[in-house]
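Okay, thanks for having me. I'll walk through a few pieces of this one, so please pull up the view and follow along.

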Amino acid sequence: MLFGKIKNIMLLGLLVLTGTVYGMDNIYISGYARNYTGMLTGGSRDFSIVQNTLDLNFEKKSMKGGLLVNPYLYHTFDQDLEIGLREAYLDLFFDKFDLRIGKQQIIQGKAEGAFITDIVSPKDLREFLLPDFDEIRMGVTAFKINAYHGNSTYEAVWVPVFTPTRMPDASSIWNPGMDYPVQPVFDYSTSDVSARLENSEVFLRYGTMTSRFDLELVGGYMFYDDPVMHMTKQFNPATQQLTGLTVRPEYHRVTMGGGSFSLPVGPLVLRGESGFYSGRYFQIESPAYPDATVEKDFLHSMAGLDFNAWGITFSSQIIQEYIMDYETGMQNDEFEHTLTFLAKKDFLREKLWLELFTYTGLNEGDALIRPKISYSFTDGFDILLGSNLFVGDGGRFGRFDDNDMIYTKIIYYF
């Protein structure tokens with residue numbers, strides 16, 4: 001492990017040195033350094049995070065090709081030093097198409113703060129939905145080709161190796177956990193997806209941009225990024241009491257098709273997005289399903305409205321999740337609705353920004369409220385103060401009701 005850390009640090013140093021020696025004329029270097037400190041506002045007022053970040057971009061482009069390498073470093077007070085590559089890819093440009101090869105973030109859809117058809121890049125949820133989405137969305141090694149015809153783009157992506165969602169550690173305050181009737185034993189024998197051709201993933205996208213609307217159609221055949229918990233129960237034959245439980249996490253194939261659009265109507269912008277998933281698994285408590293899982297089709301949709309009034313940018317979305325052919329005993333509701341709201345305004349010629357973003361779960365009445373204020377101290381130097389307030393006793397957001405926090409981010413962009 002020590003050798004691995006030393007190797008990573010040497011690699012990062014070599015990249016910086018290479019960029020410096022090779023010269024600014026050849027490689028463009030940008031990035032940021034950030035201190036992120038957050039404190040829980042209840043109980044003992046523990047620090048939820050004290051983290052220093054260095055994020056670098058090495059970029060070079062020519063008429064025929066280019067490259068981008070984006071290493072990052074997280075130094076967190078209670079964790080090992082983390083060094084990784086957010087992206088590292090090569091571009092080849094041709095007359096009618098482009099080819100991108102390597103680790104890359106791929107973005108689809110029109111939803112803000114939600115993943116409906118935006119499912120090529122897996123998620124890093126170690127700090128729930130609180131980081132910027134550039135940090136939540138992980139890069140995947142992929143071969144991506146974009147072909148162009150008029151205003152239309154045709155995209156095909158092949159991902160040779162599956163990457164699952166990165167979940168919080170068991171001891172993390174962001175680990176949602178699961179309620180089990182008895183202490184379970186975990187069997188990880190089927191949780192790995194082997195790196196072989198038959199386990200690779202394929203995605204297709206068609207997009208067109210006109211003066212009147214944007215339209216995107218997508219499809220994919222992939223593994224769902226979150227594991228399904230298959231269970232085996234052991235009973236006392238005399239009393240029929242549950243005496244043991246084995247939980248076996250496993251990832252399953254799904255097929256997805258969907259699309260999104262944005263349409264300006266006068267001062268308003270209408271947005272919509274929908275994704276149909278075939279073959280998703282859900283948890284269920286029913287004698288008909290002894291392993292506590294059931295396969296169902298699933299529809300995930302969003303309708304949004306954006307506008308500007310009194311110099312304030314407003315954006316709101318209603319998001320619906322619908323499990324088709326619903327059965328009694330399923331852990332999720334048949335319909336689940338979430339409302340998002342954003343209001344943002346600048347002052348002092350865009351040096352001072354006030355922003356409020358909220359998620360509201362309409363089924364449970366829970367919410368996540370995220371006010372923040374940021375000030376551009378000088379060119380490239382931003383100071384941000386914000387809060388994450390969780391409301392409710394259950395649901396997607398209310399389960400973190402004990403994690404209300406205030407935080408600061410001091411960022412220098414270069």
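So, to start: which order do the three strands of the open sheet have? One thing before the answer: what you're looking at is a predicted model. The order is β8-β12-β11, and the pairing is mixed. Now look at the two ends. β8, residues 185-186, and β11, residues 228-235, sit at the edges with a single partner strand each, so one side of each has no neighbour in the sheet. β8 is paired with β12, residues 242-250, in the parallel sense, over two bridges. If you want a spot to click on, try Val-185, which stands opposite Thr-246 in β12.

Okay, next stop, β4 and β5. β4 covers residues 82-93 and β5 covers residues 97-104; they run antiparallel, with six bridges between them. The connection is a hairpin of three residues. Leu-90 has Ile-101 in β5 as its bridge partner. And what does β5 do with β6, residues 140-149? Those two pair in the antiparallel sense as well, over eight bridges. There, Leu-99 has Ile-145 in β6 as its bridge partner.

Now β3, residues 65-76, where you'll find Leu-73. Buried or exposed, this Leu-73? Buried: its relative accessibility is 18%, and the cut-off for buried is under 20%. Thr-76 lies in β3 too, and Thr-76 is buried at a relative accessible area of 7%. What does Thr-76 touch, once you leave aside its neighbours within four places in sequence? Val-50 and Gln-51 are in contact with Thr-76. To get a feel for distances, go back to Leu-73 and draw a line to Val-254: that's 181 residues along the sequence, and 34 Å in space, C-alpha to C-alpha.

Last thing, the surface. There's a nonpolar patch of about 640 Å², and its residues include Phe-213, Leu-217, Phe-261, Val-265, Leu-270 and Phe-307. Where does it come from? β10 (214-223), β13 (253-265) and β15 (293-309) each supply at least two residues. β13 gives the most, with three residues. Leu-263 is another member of the patch, and it sits in β13. At a relative accessible area of 31%, Leu-263 counts as partly exposed. For the patch, a residue needs over 30%, so Leu-263 makes the cut with its 31%.

That's my tour; happy to take questions.

Notes: Residues are numbered from 1 along each chain as its sequence is written. This is a predicted model: local features need pLDDT of at least 70, side-chain atom pairs count only at pLDDT 80 or more; totals for chains, interfaces and linings use all residues. Side-chain values use heavy atoms; hydrogens and water are left out. Two strands pair if DSSP finds at least two bridges between them. Helices (H or I, at least four residues) and strands (E, at least two) are DSSP runs, numbered from the N terminus. Buried means under 20% relative accessible area, exposed over 50%, partly exposed in between (1.4 Å probe, protein chains only). Contact means heavy atoms within 4.5 Å. Patches are made of residues with over 30% relative accessible area and no salt bridge: like charges are joined within 9 Å, nonpolar side chains (Val, Leu, Ile, Met, Phe, Trp, Tyr) within 5 Å. Accessible areas come from the Shrake-Rupley method with a 1.4 Å probe; for residues, only the protein chains shown count as cover. A salt bridge is a side-chain nitrogen of Lys or Arg within 4 Å of a carboxyl oxygen of Asp or Glu.
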